[in-house]
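Work through the exercises below with the structure open beside you. Try each task before reading its solution.

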Amino acid sequence: MASLRQLEYLVTVADEGSFTRAAEVLHVTQPALSHQMRALERGVGGPLLERLPRAVRLTPMGRAMLPHARAALADAERARCAARQASGLEHGELQIATVYSVSLGVLPPALRAWRRERPGVDIRLFEYRHADELRDAMLAGEADIAVGPPPQAWDGPMWTLGTEEFVVVLPADGATEGDDGTVDLATLADCAWVHYAPGNGLAEIVDQACGTAGFRPNAAVRTEQSATAPILAAAGLGPALVPANVIPPRFDGRVLRPKEPIRRDLVAYARGGADPLTAGFVEVLRKKACVLPAHVTKLLSAG
């Protein structure tokens, strides 16, 4: 009996007119492809393909079988789609809760990949200022899955995404104590800082980091939006401490690592056993979440 894989091989060879091109399309070796085609021909009792010096053509048996092979593959795809629809993976709504900075810097690549794979699934995003607000929203059942810092005393499933790094942003001509791509926060103690609004979880991170360095930051301006802080810092309003993943491409400010690294773990978490839709999103999220973008790595390397 012909397998779906063998039928797929037959259709691809017929469409490409070449074993070499078909093997490339199928991502298999040419010997493996030839072996499967010979096995298919033995199963049906005769040759399906005529091997010519520079091409491959269907025999009468092959031409008779080809439309049925296409129909079988189409039926298999319809069966797969029906199963995914029944499990909620093709249609529905996924509700995601997160904090402001994560929705800006971490989630977009994962959401883009998810949307490409499942265009029939709507996405509803809930954004919060603080990790505690995010946790409370999840406990209240306001979303299917949360993405952010690890919640305290969480009984449900939790998936590790990675560790985000915080960086200091200065104007492109901002003076620093060295050229190794790092800065000691204590040297910025006398500066007026680009800070975050009270209640924003990033404000606590800035205060804690500066406190560890021996000073309390004086705020030149406070912003609620994570994306605004690096822009204001690059414009010269004062240094800013921001998650590296919120730095936009083609950024004209100076990006430096604190001499004492400042990092934060990121996770996804749910209340109970993950349903198929949530589990599918977690799989995409763990592959595509952008914890440290490549363009920021280059900026840090350049100092």
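## Exercise 1: Arg-263 and its surroundings

Arg-263 is exposed, as its relative accessible area is 54%. The model is a predicted one.

**Task.** Find the element that holds Arg-263, then list the residues in contact with Arg-263, leaving aside neighbours within four places in sequence.

**Solution.**
- Step 1. Arg-263 belongs to strand S12.
- Step 2. Exposed means over 50% relative accessible area. At 54%, Arg-263 is therefore exposed.
- Step 3. Leave out the neighbours within four places in sequence; Arg-263 is then in contact with Thr-163, Glu-164, Glu-165 and Phe-166.
- Step 4. Take one of these, Glu-164. Along the chain, Glu-164 and Arg-263 are 99 residues apart, yet 5.6 Å separates their C-alpha atoms.

## Exercise 2: A salt bridge between two strands

**Task.** Which parts of the chain does the pair Glu-164 and Arg-264 tie together? Is Glu-164 buried or exposed?

**Solution.**
- Step 1. Look at the side chains. Those of Glu-164 and Arg-264 form a salt bridge, with 2.6 Å from N to O.
- Step 2. Place both residues. Glu-164 sits in strand S6 (residues 158-170) and Arg-264 in strand S12 (residues 263-269), so the pair links parts that are 100 residues apart in sequence.
- Step 3. Check the cover. Buried means under 20% relative accessible area. Glu-164 has 0%, so Glu-164 is buried.
- Step 4. Do the check for Arg-264. Its relative accessibility is 14%, so Arg-264 counts as buried.

## Exercise 3: Two further salt bridges

**Task.** How many salt bridges does the structure hold? Describe the pair Glu-283 and Lys-287, then the pair Glu-133 and Arg-129.

**Solution.**
- Step 1. The structure holds 8 salt bridges.
- Step 2. Glu-283 and Lys-287 meet through their side chains, at 3.6 Å from N to O.
- Step 3. Both residues lie in helix H10 (residues 276-288), 4 residues apart, so about one helical turn separates them.
- Step 4. Compare each value with the cut-offs. Glu-283 is partly exposed at 47% relative accessibility. Lys-287 is exposed, with a relative accessible area of 63%.
- Step 5. Turn to Glu-133 and Arg-129. Their side chains meet in a salt bridge of 3.0 Å, N to O.
- Step 6. Glu-133 is partly exposed, with a relative accessible area of 28%. Arg-129 is partly exposed too, with 31%.

## Exercise 4: Positive phi angles

**Task.** Where is Ala-153 found, and where is the place of Arg-250? What is the sign of phi in most residues other than glycine?

**Solution.**
- Step 1. Start with the general rule. Most residues other than glycine have a negative phi.
- Step 2. Ala-153 is not a glycine, yet has a positive phi of about 50°.
- Step 3. Ala-153 is in the loop between strand S5 (145-148) and S6. With a relative accessible area of 68%, Ala-153 is exposed.
- Step 4. Arg-250 is not a glycine either, and has a positive phi of about 55°.
- Step 5. Arg-250 is in the loop between strand S10 (240-243) and strand S11 (254-258). At 81% relative accessibility, Arg-250 counts as exposed.

## Exercise 5: A buried alanine

**Task.** Which residues does Ala-97 touch, not counting residues up to four places away in sequence?

**Solution.**
- Step 1. Find Ala-97 in strand S3 (residues 92-99).
- Step 2. The relative accessibility of Ala-97 is 0%, so Ala-97 counts as buried.
- Step 3. Leave out residues up to four places away in sequence. Ala-97 then touches Phe-126, Tyr-128, Leu-134, Met-138, Ala-143, Ile-145, Ala-146 and Val-147.
- Step 4. Now go to Asp-275. From C-alpha to C-alpha, Ala-97 and Asp-275 are 16 Å apart in space, and 178 residues apart in sequence.

## Exercise 6: The whole chain

**Task.** How many helices and strands does the chain have? What is its radius of gyration?

**Solution.**
- Step 1. Count the elements: 11 helices and 12 strands.
- Step 2. The chain has a radius of gyration of 27 Å, whereas a compact globule of 303 residues would have one near 19 Å.
- Step 3. Along the principal axes, the C-alpha atoms fill a box of roughly 85 × 45 × 25 Å.
- Step 4. Of the 303 residues, 46% count as buried.
- Step 5. Take contacts between residues at least 6 apart in sequence. Among these, 74% join residues at least 24 apart.

Terms used
Residues numbered from 1 in each chain as written. Predicted model: local features only at pLDDT ≥ 70, side-chain atom pairs only at ≥ 80, totals over all residues. Heavy atoms only, no water. Rg over C-alpha atoms; globule rule 2.2 N^0.38 Å. Buried < 20%, exposed > 50% of the residue type's maximum accessible area, 1.4 Å probe, protein only. Contact = heavy atoms within 4.5 Å. Salt bridge = Lys/Arg side-chain N within 4 Å of Asp/Glu carboxyl O.
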